[in-house]
Amino acid sequence: MMKKITNAVARKFAGKKTVDNIAKKWKILSGEDGWEHLLDPLDIDLRRCIVHYGEMAQAAYDAFNAEKVSKFAGSCRYARRDFFSKVGLELGNPFKYSVTTFLYATSQIQVPDAFIVRSLSREAWSKESNWIGYVAVVTDEGKAILGRRDIVIAWRGTVQTLEWVNDFKFDLVSASKILGEAGDPGVHQGWYSIYTSDDSRSPFNRTSARDQVLQEVKRLVELYKNEEISITVTGHSLGAAMATLNAIDIVANGLNRPKDQRGKPCPVTAIVFASPKVGDSNFQKVFSEYRDLRALRVRNAFDIVPSYPILGYSEVGVELGIDTRKSQYLKSPGSTSSWHNLECYLHGVAGTQGSKGGFKLEIHRDISLVNKRLDALKDEYLVPVSWHCEKNKGMVQQEDGSWKLMDHEEDDDITSMYQR
């Protein structure tokens, strides 16, 4: 059976060597050596891995219900059981995962509407919380390809325009309460609030997003402690900031170490896209001191978000620069939206040539994906603009001929929350 899986993936990747490489090189691909000699030119296996984790982050966008007239606005459209099938990550994808839990967030401070979507319905599923991402673990089939038991945490980003960049206050607060007193790290107040806020009025946020994710990571690390484990945290835009904060939190509090195997830490890697800066120079210093923690930031030329906040903040990890303006497939020169869009980022990763210049798709990635929510692809490719949407926007015809908005699958996780 395992031989059949490997052969199938070899066909997908056009060669068994690539399959073996990912399994054998996973520690290096996860940043064990700081991605030295892998970024320029971009290693083919790393290229595939970055796109893979970017797709996991994109899934959080594709599953999110941003339709304000829906009573489920701000929730996940799909249940955990067939999540990856519904977001299009099953067919032709050798990296198999299953979602173990959903994550929900709120904020005790005022944040832009792009961060927390509110339903207009009086019967809203929640007036305080939003679905903010998920935790997934690689299946046995996927483990054969990746070479270890990978735990992925994907954080959803903002779903509206980039106006929040100009409207948001970039105040720093101390993160010592969650990261420890050493170094006195400061982080952005908005990221910190969304990550750590709870709300007793909401069954989804009686505990914070932070407490939810740490509890699940702790459970999974214990469950798979006798296997090789990795923890990979990913996100785009706001989700990238949350992923960075989450990654250091896991390591700072020792949750990447099984209780009875404290000397056996697993690596924690943040692979993030279009990330705003998260903290100050103290945060940067504390982040860099953890041996089992690393971050790869993918940044598109002309994307304004990674430049914010401009003053008082420092970047962490290693940067991979791309430039989607060099793609012959995209409308030139692009726009503020396309330079920030995650699907365009993944297109850029698939084709970047680094300092050599130019653009060539080195791995298979369907160019139609860049038009999923934008008008970015050249018209000659005949792909509809903003083609990704629920059929009839979730409206379903009933037996009597009437139409009803039915845009949500109930999940066992949600039912249990209401019963607590």
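**Exercise 1. Around Ser 237**

Find where Ser 237 sits, then work out what is unusual about its backbone and whether the residue is buried or exposed.

*Solution.* Start with the place: Ser 237 belongs to the loop that links β6 and α11. Bear in mind that this is a predicted model. Next, look at the backbone: phi of Ser 237 is about 60 degrees, a positive value, although the residue is not a glycine. For background, most residues other than glycine have a negative phi. Finally, check the cover: the relative accessible area of Ser 237 is 0%, and the cut-off for buried is under 20%, so Ser 237 is buried.

**Exercise 2. A second positive phi**

Locate Asp 184, give its phi, and classify its accessibility.

*Solution.* Asp 184 lies in the loop between α8 (176-179) and β5 (186-188). Its phi is near 45 degrees, again positive in a residue other than glycine. Now for the accessibility: partly exposed covers the range between 20% and 50%, so Asp 184, at 44%, counts as partly exposed.

**Exercise 3. The start of helix α11**

Describe the surroundings of Leu 238, and say how far the residue is from Ala 124 in sequence and in space.

*Solution.* First place the residue: Leu 238 is in helix α11, which spans residues 238-252. Its relative accessibility is 0%, so Leu 238 counts as buried. Then list the partners, leaving aside neighbours within four places in sequence: Leu 238 contacts Phe 115, Arg 156, Gly 157, Thr 158, Trp 191 and Ile 194. Ala 124 is 114 residues from Leu 238 in sequence, and their C-alpha atoms are 24 Å apart.

**Exercise 4. A covered helix and a covered strand**

Determine how many residues of α14 and of β8 are buried, and identify elements that cover α14.

*Solution.* Begin with helix α14 (residues 342-351): 10 of its 10 residues are buried. Among them are Glu 343, Tyr 345 and His 347. The cover over these buried residues includes the helices α4 (44-62) and α13 (336-340), along with the strands β6 (229-236), β7, β8 and β9 (318-322).

Now turn to β8 (residues 293-300), where seven of the eight residues are buried. β8 pairs with β7 (residues 268-273) in the parallel sense, over six bridges. To fix the register, note that Thr 269 stands opposite Arg 294 in β8.

**Exercise 5. Two cis peptide bonds**

Which residues does the cis peptide bond before Pro 41 join, and which does the one before Pro 333?

*Solution.* Recall that most peptide bonds are trans. Asp 40 and Pro 41 are joined by a cis bond, with omega about 5 degrees. Pro 41 is in the loop between α3 (26-29) and α4. Further along, the bond from Ser 332 to Pro 333 is also cis, with omega near 5 degrees. Pro 333 is in the loop between β9 and α13.

**Exercise 6. The whole chain**

Decide how the compactness of the chain compares with that of a globular protein of its length, and describe its burial, contacts and charges.

*Solution.* Count the elements: there are 15 helices and 11 strands. The radius of gyration is 21 Å, close to the 22 Å from the globule rule for 420 residues, so the chain is as compact as a globular protein of that length. Its C-alpha atoms fill a box of roughly 60 × 55 × 50 Å along the principal axes.

Next come burial and contacts. Of the 420 residues, 57% count as buried. Among contacts with a separation of 6 or more, 70% involve residues 24 or more positions apart.

Finish with the surface and charges. The accessible surface is about 18,500 Å², with 49% belonging to carbon and sulfur atoms. The chain has 56 positive and 54 negative charges, and their mean positions are 3 Å apart.

Note on methods:
Residues are numbered from 1 along each chain as its sequence is written. This is a predicted model: local features need pLDDT of at least 70, side-chain atom pairs count only at pLDDT 80 or more; totals for chains, interfaces and linings use all residues. Side-chain values use heavy atoms; hydrogens and water are left out. Helices (H or I, at least four residues) and strands (E, at least two) are DSSP runs, numbered from the N terminus. The radius of gyration is taken over C-alpha atoms; the globule rule is 2.2 Å times the number of residues to the power 0.38. Buried means under 20% relative accessible area, exposed over 50%, partly exposed in between (1.4 Å probe, protein chains only). Contact means heavy atoms within 4.5 Å. Accessible areas come from the Shrake-Rupley method with a 1.4 Å probe; for residues, only the protein chains shown count as cover. Lys and Arg count as positive and Asp and Glu as negative; His and the chain ends are not counted. The place of a charge is taken as NZ of Lys, CZ of Arg, CG of Asp or CD of Glu. Two strands pair if DSSP finds at least two bridges between them.
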